[in-house]
Amino acid sequence: MAKGFREKISQKNTENSGFGEHAPGRFINKNGLPNVNRKGVNVFTRFSWYHTMLDLSTFRFLSYLVIAYILVNIFFALIYYLIGVEHLTGIDKSDPMNEFIDVFFFSSQTFTTVGYGRIAPVGFMASMVATFEAFLGLLTFAIATGLFYGRFSRPRAYLKFSDIALVAPFKEQTALMFRLAPYKNNALTDAEVIVSAAIEVMEKGIPKSHFYTLKTQLSKINSLALNWTVVHVIDEDSPFYGFKEEDFRNTDIEIIIHVRAFDEVFSNTVVQRSSYISGEIIYGAKFVPMYYPDSRNLSTVLDLDKISHYKKADLPALKQE
């Protein structure tokens with residue numbers, strides 16, 4: 001391991017990371033959520049279903065709604081069928097399949113309170129089930145409407161991070177850098193980035209993580225319209241001072257990124273996190289430009305497909321300590 005870091009680990013670590021020194025594995029997943037599995041409480045207590053539904057992708061969210069809708073109607077259709085189709089008027093009794101299909105669609109009409117009227121319950125049991133199903137349908141659609149509103153109204157940063165971080169040449173020095181850029185048409189201002197490093201070392205045969213705040217060349221920008229290359233210069237004050245390529249490759253490192261910005265439309269602060277581990281740090285490379293003028297030279301094209309594109313580059317020789 002590099003001599004510069006061996007000297008730094010003996011210094012008192014004042015970084016308040018929020019993670020324990022002996023926590024194994026990745027601290028922050030690529031989606032920005034902590035890599036923590038909670039135990040000791042049941043599943044209904046451990047998960048906030050509201051947060052879970054808001055964080056789902058649009059495809060999974062809609063898929064869950066459709067699947068739940070179908071399963072609920074199948075469940076009630078079975079109840080009606082067990083009560084007896086003779087307690088429902090207007091049923092096609094030509095064969096059992098047609099009976100169940102009619103019962104299923106009667107359930108969906110009751111659940112949504114559409115009630116076309118061709119099929120109607122007769123008798124106490126069928127009427128009670130239909131009443132309860134209609135009540136449940138009203139509650140369900142009220143919850144679904146709230147979830148839809150929550151998903152569309154919640155302010156988000158909508159930032160895309162480069163898949164990799166680079167150790168690149170920078171002004172006759174070496175720097176650790178990564179890129180981020182907004183990928184939607186939201187207007188973000190007063191963007192601020194906080195970068196931390198978790199470096200695992202062995203102390204008395206026990207792996208222990210040390211946390212350091214990485215000073216960035218520019219920690220705040222007024223407007224985040226194009227891509228932002230965040231640069232941490234590896235100088236004497238950096239925990240990576242003296243690191244060679246094999247040090248980055250063989251040391252358990254995690255670069256934790258916290259970005260905060262102000263969304264002008266929502267008049268609210270948005271936050272997004274990400275991280276890079278040792279295997280996602282490329283040594284001796286630099287990013288290629290990802291924006292350029294349009295064909296008429298009237299506006300700027302931000303090519304988000306190039307956010308992770310890089311080319312190899314020679315680094316300045318390491319100073320001998």
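This is a short dialogue about reading one helix, one strand and the empty spaces of a predicted model.

Visitor: How long is helix α5, and what span is expected for it at 1.5 Å a residue?

Guide: The general idea is to set the distance between the end C-alpha atoms against an expected span. Helix α5, residues 96–111, has 16 residues and reaches 22 Å from its first C-alpha to its last, which is close to the 22 Å expected.

Visitor: Which residue caps the N-terminal end of α5, and what happens just after the helix?

Guide: For the ends of a helix, one looks at side chains and at backbone angles. Asp-95 caps the N-terminal end of α5, with a side-chain oxygen 3.0 Å from the backbone nitrogen of Met-97, while Thr-113, just after α5, takes a positive phi of about 60°.

Visitor: Which residues of α5 are buried, and what covers them?

Guide: Here a residue counts as buried when its relative accessible area is under 20%. In α5 the buried residues include Glu-99, Asp-102, Val-103, Phe-104, Phe-106 and Phe-111, and what covers the buried residues of the helix includes α4 (58–83), β1 (88–89), β2 (120–121) and α6 (124–153).

Visitor: Turning to strand β10, how many of its residues are buried, and which strands do bridges join to it?

Guide: A strand is read together with its partners. Strand β10, residues 253–263, is mostly covered, since 8 of its 11 residues are buried. It is joined by 10 bridges to β6 (residues 188–203), and the two run antiparallel; Ala-197 has Ile-255 in β10 as its bridge partner. Another 10 bridges join β10 to β11 (residues 268–277), also antiparallel, and there the bridge partner of Phe-262 is Thr-269 in β11. β10 and β11 form a hairpin with 4 residues between them, and Ser-267 in the turn has a positive phi of about 50°.

Visitor: How many cavities of 30 Å³ or more are there, and what lines the largest cavity?

Guide: A cavity is closed off, whereas a pocket is open. The count comes to 1 cavity of 30 Å³ or more, and the largest holds about 30 Å³ of space. Among its lining residues are Leu-176, Phe-178, Val-195, Thr-216 and His-232, and the elements that give two or more residues to this lining are β5 (173–182) and β9 (228–233).

Visitor: What is the volume of the largest pocket, and which element gives the most to its lining?

Guide: The largest pocket has a volume of about 1500 Å³. Of the 38 residues that line this pocket, the closest to its centre are Asn-31, Gly-32, Leu-33, Asp-55 and Arg-154. The elements giving two or more residues to the lining are α3 (49–55), β3 (159–161) and β11, with β11 giving the most, 6 residues.

How values were computed
Residues numbered from 1 in each chain as written. Predicted model: local features only at pLDDT ≥ 70, side-chain atom pairs only at ≥ 80, totals over all residues. Heavy atoms only, no water. Expected span 1.5 Å × (residues − 1). Buried < 20%, exposed > 50% of the residue type's maximum accessible area, 1.4 Å probe, protein only. Contact = heavy atoms within 4.5 Å. Polar contact = N/O pair within 3.5 Å; in protein donor to acceptor, adjacent residues only side chain to side chain. Pairing = 2+ DSSP bridges. 1 Å grid on protein atoms, 1.4 Å probe; cavity = no way out; pocket = protein on both sides within 12 Å on 5 of 7 lines; lining within 4 Å. Points joined across faces, edges and corners; volume = space filled by probe spheres on them.
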